[in-house]
Amino acid sequence: MARSIIRFLTVLGITWCFAVNAGADALTPDRIGWSALTFRASKLLMAIDVDVAIATPDCTTVAPRLITAGEGTGIAPAGLQKIVTIETEAFGRLSQVELILNAGDGAALQRTSHDSGGRFRHRIYRFTDRGAYQRTRWPVGKDEERLPAERWPEWSEANEDLRPYPPAAVNALVTEPSALLYLIGAAPLDEPGDTFDILAYVRSHVHRVQVEVVGPETIDLKYGFSNGTTTELRDGRQPTIRMLIRGESIDGDSDDEFELLGLRGDIVLHLEPVTRAPLQFEGRVKIAGNVRMRLVDLTTTLD
């Protein structure tokens with residue numbers, strides 16, 4: 001009922017900002033005590049550098065940023081929103097991603113990505129009740145590749161369509177893998193056996209993703225810890241919450257693997273108990289195989 005009212009108000013051009021009570025398993029945004037993270041993974045001659053940030057926008061500014069889907073009804077902003085940004089540099093390519101999601105339930109609203117370096121592409125996914133509506137542009141020639149960001153819409157090659165969900169995901173709550181960096185921190189995942197399940201859109205497929213707390217684990221870590229004014233080096237053994245992230249395509253495509261931060265397959269995550277910040281990921285990447293992505297810097301929002 002609340003979702004229908006919010007969609008009706010949005011259609012009328014009215015933006016309301018209020019908290020949404022999603023029940024006993026509601027996400028709790030205030031649990032998250034970090035705003036920025038930097039990770040690095042290296043193996044042989046391969047290196048992946050990832051910068052992550054999470055922010056709470058003024059909710060009155062969110063709706064104007066969302067494109068109009070050509071098919072389906074766009075998921076409406078409800079209550080508070082979060083913006084997760086991820087910048088990844090690997091294999092000579094730079095990928096910049098911005099995800100807007102509803103903080104109360106994790107539903108993805110819009111994902112914008114820009115790739116440069118070895119491949120140039122600008123893509124927007126507007127999430128709807130029926131699928132992910134995409135607008136993509138590519139440059140033609142070096143002159144277009146060199147255009148500044150505000151002129152990317154001028155790129156000559158374009159494509160626009162709806163990437164439909166399988167029937168089981170139509171009208172369901174669907175998120176995007178980048179949202180897990182927020183969801184895992186905000187969800188009630190603390191004790192061994194705690195689980196969190198959600199549908200996630202990945203490369204034209206919808207995956208059923210489960211995050212499970214395996215148990216506490218102490219690991220060796222070395223990273224910079226900052227509160228925005230001072231920085232200290234944390235070096236040594238540190239307690240973490242060990243979790244397993246596993247995704248499975250719901251449309252029967254067993255060859256399509258779940259992916260998060262470039263890691264595929266079953267992914268192990270170590271979470272910092274106080275800030276709820278990811279400290280380390282373990283998974284598999286193309287070419288290099290199994291890798292460990294370690295935290296380099298953490299900026300906290302806690303005193």
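In the predicted model described here, Trp34 lies in strand β1, which comprises residues 34-43. The relative accessibility of Trp34 is 3%, and because buried residues are those under 20% relative accessible area, Trp34 counts as buried. Leaving aside residues up to four places away in sequence, Trp34 touches Val52 and Ile54, Leu181, the run of Thr275, Arg276, Ala277 and Pro278, and also Thr299, Thr300 and Thr301. With one of these residues, Arg276, there is also a polar contact, in which the side chain of Trp34 reaches the backbone oxygen of Arg276 at 3.4 Å. The C-alpha atoms of Trp34 and Glu282, by comparison, are separated by 21 Å, these two residues being 248 residues apart along the chain.

The chain as a whole can be described next. The chain contains three helices and 16 strands. A compact globule of 303 residues would be expected to have a radius of gyration near 19 Å, and the chain agrees with this expectation, because its own value is 19 Å. Taken along the principal axes, the box filled by the C-alpha atoms is roughly 55 × 50 × 45 Å. Of the 303 residues, 48% count as buried, while the accessible surface of the chain comes to about 14700 Å², with 50% of this area belonging to carbon and sulfur atoms. Among the contacts in the chain with a separation of 6 or more, 59% are accounted for by residues 24 or more positions apart.

Strand β10, formed by residues 195-202, offers a view of how strands are arranged in this model. Six of the eight residues of β10 are buried, and the strand is therefore largely enclosed by the rest of the structure. One pairing partner of β10 is strand β9 (residues 174-175), which runs parallel to β10 and is joined to it by two bridges. Within this pairing, Val174 has Leu199 of β10 as its bridge partner. The path from β9 to β10 includes helix α3, made up of residues 180-186, and together β9, α3 and β10 make a β-α-β unit that is right-handed. Leu181, listed above among the residues that Trp34 touches, falls within the residue range 180-186 of helix α3.

Another partner of β10 is strand β11 (residues 205-226), and here the pairing is antiparallel, extending over eight bridges. Phe196 and Val211, the latter in β11, stand opposite each other. The two strands form a hairpin with two residues between them, and in the turn Arg203 has a positive phi of about 50°. Ser204, which is found in the loop between β10 and β11, likewise has a positive phi, of about 70°, although Ser204 is not a glycine. Ser204 is partly exposed, because its relative accessible area of 36% lies between the limits of 20% and 50% that separate buried from exposed residues. His205, in strand β11, has a relative accessible area of 15% and is buried. The side chain of His205 makes a polar contact with the side chain of Asp251, at a distance of 2.8 Å.

A positive phi also occurs elsewhere in the chain, at Leu261, where the angle is about 55° although the residue is not a glycine. Leu261 is placed in the loop between β13 (259-260) and β14 (263-271). Whereas Ser204 is partly exposed, Leu261 is buried, with a relative accessible area of 11%.

Antiparallel pairing is also found among strands β6, β7 and β8. Strand β6, residues 121-127, pairs with strand β7, residues 131-138, in the antiparallel sense over six bridges. In this pair Phe127 stands opposite Ala132 of β7, and the hairpin that joins β6 to β7 passes through three residues. Strand β7 in turn pairs with strand β8 (residues 157-164), again in the antiparallel sense, over eight bridges. Here Tyr133 stands opposite Leu162 in β8.

Conventions:
Residues are numbered from 1 along each chain as its sequence is written. This is a predicted model: local features need pLDDT of at least 70, side-chain atom pairs count only at pLDDT 80 or more; totals for chains, interfaces and linings use all residues. Side-chain values use heavy atoms; hydrogens and water are left out. Buried means under 20% relative accessible area, exposed over 50%, partly exposed in between (1.4 Å probe, protein chains only). Helices (H or I, at least four residues) and strands (E, at least two) are DSSP runs, numbered from the N terminus. Two strands pair if DSSP finds at least two bridges between them. A crossover is right-handed if, with the strands pointing away from the viewer, the path from the first strand over the helix to the second runs clockwise. Contact means heavy atoms within 4.5 Å. A polar contact is a pair of N or O atoms within 3.5 Å; within protein, one must be able to donate a hydrogen and the other to accept it, and residues adjacent in sequence count only if both atoms are side-chain atoms. The radius of gyration is taken over C-alpha atoms; the globule rule is 2.2 Å times the number of residues to the power 0.38. Accessible areas come from the Shrake-Rupley method with a 1.4 Å probe; for residues, only the protein chains shown count as cover.
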